[in-house]
Amino acid sequence: MHTLFLIKPGEIELKLGNKREFARRLKEQITKRLKGIPFTLEEYPGRFFLTVEEKDSELTLFVLQHCPGINGVAKAIKTKKDIDEICLAAVECAKTEILTGAHTFKIEARRSDKSFPFDSYRICVIAGNSVLAEYPTLSVDVHNPDFIIRIEIRERAYIYSSTAAGPRGLPVGSQGKGILLLSGGIDSPVAGYMMACRGLALESVYFHSYPYTSPEAQQKVERLAARIAIWTGGMHLWIVPFTDIQLAISKTSYEETKTLMLRMAMMQAADIIAHRINANSIVTGESLGQVASQTAENMRLSQSKTSLPVLRPLIGIDKEEIIAIARQIETYEISILPYEDCCVVFSPKHPILKPDYEELKGYFESLALNNLIESAVMKSERKYFDFAYALKTNTK
Amino acid sequence: MKDIYLDWAATTPLDSDIMRSALEFSLRAYGNPSSKHWLGKEARQALEESRARVMHSIGITKGNFVFTSSGTEADHIPIFAILERLRRASSAGKPIHAIISSIEHSAIEEQIRVLERLGLQVSRIDPDSKGHLEAEHVASKIRNETVIICIMNVNNETGAIQDIKAISESIREVVQLKRMKKPWLHVDAVQALGKLSIRDLENYADSFAVSAHKIRGPKGTGGLWFARPPEIFIRGGGQESGLKPGTENLFGAFAFSLAAEKAALSMPANQEKALILEERIIDGISSIPNALIIPERIPKDNGFVPSIISMAFPGLGGETMVRALSDCHIAVSTGSACMSNIHHAERRVLKAMQVPEDIAFSSIRVSTGPLTTLQDIDSFLEQVEVLYRKLKT
């Protein structure tokens, strides 16, 4: 037995010029993520059809629901373009829905193949009557139905009801590659997820300051990376040993500038890694004013340590909203584990809020951290969380 | 690199002779003490002998002693015993009240917190800046509806010894004066066992809890002494006077009894040794710039057991120091190992002693035992000074 999935692609439908390239990316991503599962994937205008063996259908649905560039997925029935067969399939859909407790329905039909003898309205009426004949307890409600049976007449007829939402957006990799600063807190995983859904392939970087930060804190970041890898389709995590840099900053800096100096050093290290892996941008979980280091003035200074655009998808988002997304993508419970994140080693009581740009930039240079930062990146460990691993740890 | 173990308050290395004897004994005597056949009877006899050996080693002459699965469980039995009264009082719309010190182990504090949510009123007594409770202060909180008072004998973080005798006498005075029913006095003596004589507790307390693994016995075995049986909460097969139902852990009980015996016999020598180690630690830490002993104390201060000492390295988180020392194969801990898993409870004891937050944050606990040597202490002092200089921010 096989299961057929009807896949509705996301924004690639809007991008006229690059449509083919985006479709290719989406196919590539689906193919990569279904490694080890036998499948066939066909592309038609505005739709992909994926067939897998029934035993793989649950896992496949999970994969598709977490693949950016997909708007929605539905298990569909494929029939000949024959009104009787179509009606039988519609009844089959209704049966599945009744089992979940539905009472009202409507039918929506789309006829791309205009040679089909019935128009959309007629298809709805005929199929609707078949369903009602089979299940007299159901009733039609065109405004607020419990379920909708959709019928699409294309090269074949496709009939489906419940559609599972995908992450929408663009296929991963269609916007190049970015490097995500992953701290272990609530925000950065959300930022990573959001940019993955905007088509950015990601590698992530974590600054580890042992013994100030614990092995448990690193494991927490690894769990977060493994979780985000579900959307990115696997992900590298760079673990950069940052203790020497933290110590150098702590021994020489003015108390109130320590956090800022650290952020600048991190940005510089991220920039080095970004160039090494051909990333086109750096992604952070910063949100304007959320903490002292996230004022516009402080961000200007940290940004000065890279020539790449720093993408901050959370910049205008309220903490409560960020938490809501973190809960939805199931990173929240990991993020709130009580291990210190990489920035808590210094927590000056009164961190600087409105630094003088030139003065502080000069001050950072005077710390002469370049060699230390270069060597920290050299000593980095690069771990890969592949998609199969992510699947194993994230599906029940 | 030699392992240096300075975390004896968390647990102690097993005594290999005792463990071997207990294993050999258990391989032979595998019967269920409740069985009526000869194997059961043998097991029953061995269990009662173990009980007698523990009581005798501690110096208990009256009351009863039951084996439990841990010191924590032994602490819970007298606390759970008030549940039925709490229910009755709640349905009659009357309060019932408990008094505990604010420096109790999580076994008491966290369990009392649960009962507090069920309506128990609780007074928490803060210690002075040295970590000692004032007996009159404890007694002054007694009300008509006070049913239980829990006071630990030796604090697991600071080593501070509470004067249970004075507290008990103050309680009696207040109770007699006000003609009230005497509340149950439970003493957590888990850290006291093996470090000082607790034989007098039978004259002052209604119950006290001990644990085998703090005196080189196996983990998973504790005990509760009581003058008269508390109300039974956990029901089952009626084992251990009904207070700890479930097939008895004869291996643990037997090993506990041997460990208690050995601890009693070697106590004078161990105490003397602990005092020498204490002096070396206090002198050594005091000579490291900025480092300090908390609370401030001099060697041989009889308000503290010499084998447990807290200290702080301002400007360096205690956890960081523990990790750094661990890399040098030196084992110490931040406060209580049992509290390291509970975020909100961290540094609760030091906070109650009004230790400033940044000092408490930078604290570690060092605890010694019979196998600790002066060389161990010197290596520790040397490393801790180097690490402090290197990692201080």
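**Exercise 1.** In what order do the eight strands of the open sheet in chain A stand?

*Solution.* Start with the ground rules. This is a predicted model: local features need pLDDT of at least 70, side-chain atom pairs count only at pLDDT 80 or more, and totals for chains, interfaces and linings use all residues. Residues are numbered from 1 along each chain as its sequence is written, while chains are lettered from A and ligands numbered from 1 in the order in which they are written.

Next, the elements. Helices (H or I, at least four residues) and strands (E, at least two) are DSSP runs, numbered from the N terminus. Two strands pair if DSSP finds at least two bridges between them. The order is S2-S3-S1-S4-S8-S7-S5-S6, with mixed pairing.

Now the edges. S2 (39–44) and S6 (139–140) of chain A each have a single partner strand, so one side of each lacks a neighbour in the sheet.

**Exercise 2.** Describe how S4 and S8 of chain A are joined.

*Solution.* Take S4 (residues 70–79) and S8 (residues 157–165) of chain A: they run antiparallel, and seven bridges join them. Then pick a pair: A:Gly72 faces A:Ala165 in S8(A).

**Exercise 3.** Place helices H1 and H3 of chain A against the strands.

*Solution.* Contact means C-beta atoms, placed from the backbone, within 7 Å. Angles run from 0 to 180 degrees between N-to-C directions; axes are lines fitted to C-alpha atoms, for helices over the stretch in contact.

- H1 (residues 19–33) of chain A packs on the sheet, touching S1 (2–9) and S2, at about 165° to S2(A).
- H3 (residues 83–99) of chain A lies across S4, S5 (104–111), S7 (147–153) and S8, at about 25° to S8(A).

Methods: Contact = placed C-beta atoms within 7 Å.
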